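Here's a quick briefing for anyone meeting this structure for the first time. Take a look at the model below, then read on about its pockets and its cysteines.

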Amino acid sequence: MTGRVVLAAAASAGLALLANGVGERWFEDVTARAGITHQHTNREFKNPYAHIMAGYTALGAAVAVADYNGDGFDDFFVTDSAEGGKNRLYRNNGDFTFTDVAEAAGLAAGNDAQNASADALWFDFNNDQRPDLLVIRFGQNQLFENLGNGKFRDVTRTSGMLGYKNAITAVAFDYDRDGWVDVFVGSYFQPVNVFNPETPRFFPESFETANNGGGVTVYRNNGDGTFTDTTEQAGFRLTGWTLDMGHADADNDGDEDLYVACDFGTDRFFVNNGDGTFTDITEKAIGIDTKKGMNVDWGDFDGDGLLDIYVTNITDDYMREGNFLWRNNGDLSFADVSRETDTYNTGWGWCAKFFDYDNDGWQDLYVVNGWVSAGKESYVPDIFEMITRPNIELADARNWPPMGSKSLSGYQKKRLFHNEGGAGFKDHAARHGVDSVRDGRGIGVADFDNDGRLDMYVANANAEPYFYRNTLPPGRNWVQFLLGSPKANRFAIGAQVRLTSGGRTQLSFVNGGNGFAAQSTNRVHFGLGKNEKIDQVEIRWPSGAKQTLENLPPNRIYRVLEGKPKAEILIAKASQK
């Protein structure tokens, strides 16, 4: 074959690939155009252990999505961590531009000498159909009531949540099914003052047992604007260094179970007993591990009607741990299939989110990674030298080497795993231009412009964020559901939706904040591929009731209220062909 023929064949093949959508970028970086101009800043400590703590607390870049003002467009709240740094509430202007209204709303001030913002969570604690906001902090958390006029009121002192928690994560769901959303708070350090510690012995006592971490606190919603600490009554006695939690109904029995990811100490799995208590069934469900759990997200990746779990860990040049993709076996046990599905190695993993970015009807995964990207020197030899020293006391912060300007698992490329029909995943991050090397932390997924394509906000530690608009070409159908319940929690947290179209049934649910440093939209989104008909939608409400909708047109956003037989069309779009 002549060179000219080879080139012609290659060009023809390239045109064919483009015609099939292969090689096109489906995400556009619109950060600056959207009006997002801030950067996250890490906390700098001013105590005797500051030379180590700066690296080990390079966290706090979080995003939480909600339609806080009820105008039909998702907004989002993002955190800063520097002393005096301002948190931001970005109001969606409806044209993919956003305005920071945190100061006017009363939400900007969250970082002072004794508190550093680490995460945030929207949830409706008083059932008035307005999302309230919990700001999760090293130090003490803040709870803000949404007053409905663009303003928020700090109700922390009267809520029963006041107290030193050194929290890093929280999720909200109605664990006792009384109609009020409860809150689970995960803490990293014990309740000591990490800004001015009285003792140097506040670091993990071991990588494996780690029995001196902050664990989990359970706040039961009393239904009157207050909460009661029911941690022990609910069955939680944990001392691990919690980094994330994720809830879902693992056994389809109508109540929410909980996975706890621990940086130090084993991950834990708790089954909901249906009577306001949980049982720790870790050994049966997932086994005991010594890995560094960072993220928990649930999604039915293989389409078998059971929700699976994705947990990020560490896979780098000195810890070859690998992630977990826990496939649900249907009997409250899980099998790790991360190697078989090529989702095992994502570097130093942080947040990961299931979502169908190409509307083909299968749950994809986006994973951000990287701990500290700094100078050319590596911190790894310093860690090795410390942990191999005889009789080293890891809990004593004075024994940990200073990080200085060294890097550790830095400059790592992000991963966008495309779901190959439930059989495995392929990384398409480079193709779509979402493979940055900033130190990623939280991911907020939502359809910010209501066009049926899911967009992404990525929070990066000590750096500017990325805001990616989904530009998937026409040709694939979709549908979204905004659920509400006058009988249970108003935003129907925990409700499951099963959609049947084209001979397949997909499962999704309304989650209350799953994902490290991240909360995504509370709409339930389904990609439909080429299918132009939705045969049936079954909703299993948190109250236990079931509702069926049939023959809904696609490419619409529907509001469905429990007890009402018909779905209300909020937004209708022409079919993308």
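By class, how many nonpolar, polar and charged residues are in the lining of the largest pocket? The lining has 18 nonpolar, 17 polar and eight charged residues. Keep in mind that this is a predicted model.

**The largest pocket**
- This pocket holds about 810 Å³ of space.
- Its lining is made of 43 residues, and the closest to the centre are Asp-67, Gln-129, Leu-482, Phe-491 and Asn-522.
- Five strands are worth finding here: β2 (63–66), β6 (116–123), β29 (477–484), β36 (556–561) and β37 (568–572) each give two or more residues to the lining.

**The second largest pocket**
- Here you'll find about 380 Å³ of space.
- There are 23 lining residues, with Asn-42, Ala-54, Ala-58, Val-372 and Asn-462 the closest to the centre.
- Sorted by class, that lining comes to 10 nonpolar, eight polar and five charged residues.

**The cysteines**
- A disulfide is a covalent bond between the sulfur atoms of two cysteines.
- The count of disulfides in this model is zero.
- Why does Cys-262 have no such bond? Its closest cysteine sulfur, in Cys-351, is 17 Å away, and that is too far for a bond, given that a disulfide needs the two sulfurs within 2.5 Å.
- Seen from the other side, Cys-351 has its closest cysteine sulfur in Cys-262, at 17 Å, so a bond is out of reach.
- Cys-262 is buried, at 3% relative accessible area, and Cys-351 is buried too, at 0%.

Conventions. Residues numbered from 1 in each chain as written. Predicted model: local features only at pLDDT ≥ 70, side-chain atom pairs only at ≥ 80, totals over all residues. Heavy atoms only, no water. 1 Å grid on protein atoms, 1.4 Å probe; cavity = no way out; pocket = protein on both sides within 12 Å on 5 of 7 lines; lining within 4 Å. Points joined across faces, edges and corners; volume = space filled by probe spheres on them. Helix = DSSP H or I, 4+ residues; strand = E, 2+ residues; numbered from the N terminus. Nonpolar A, V, L, I, M, F, W, Y, C, P; charged D, E, K, R; others polar. Buried < 20%, exposed > 50% of the residue type's maximum accessible area, 1.4 Å probe, protein only.
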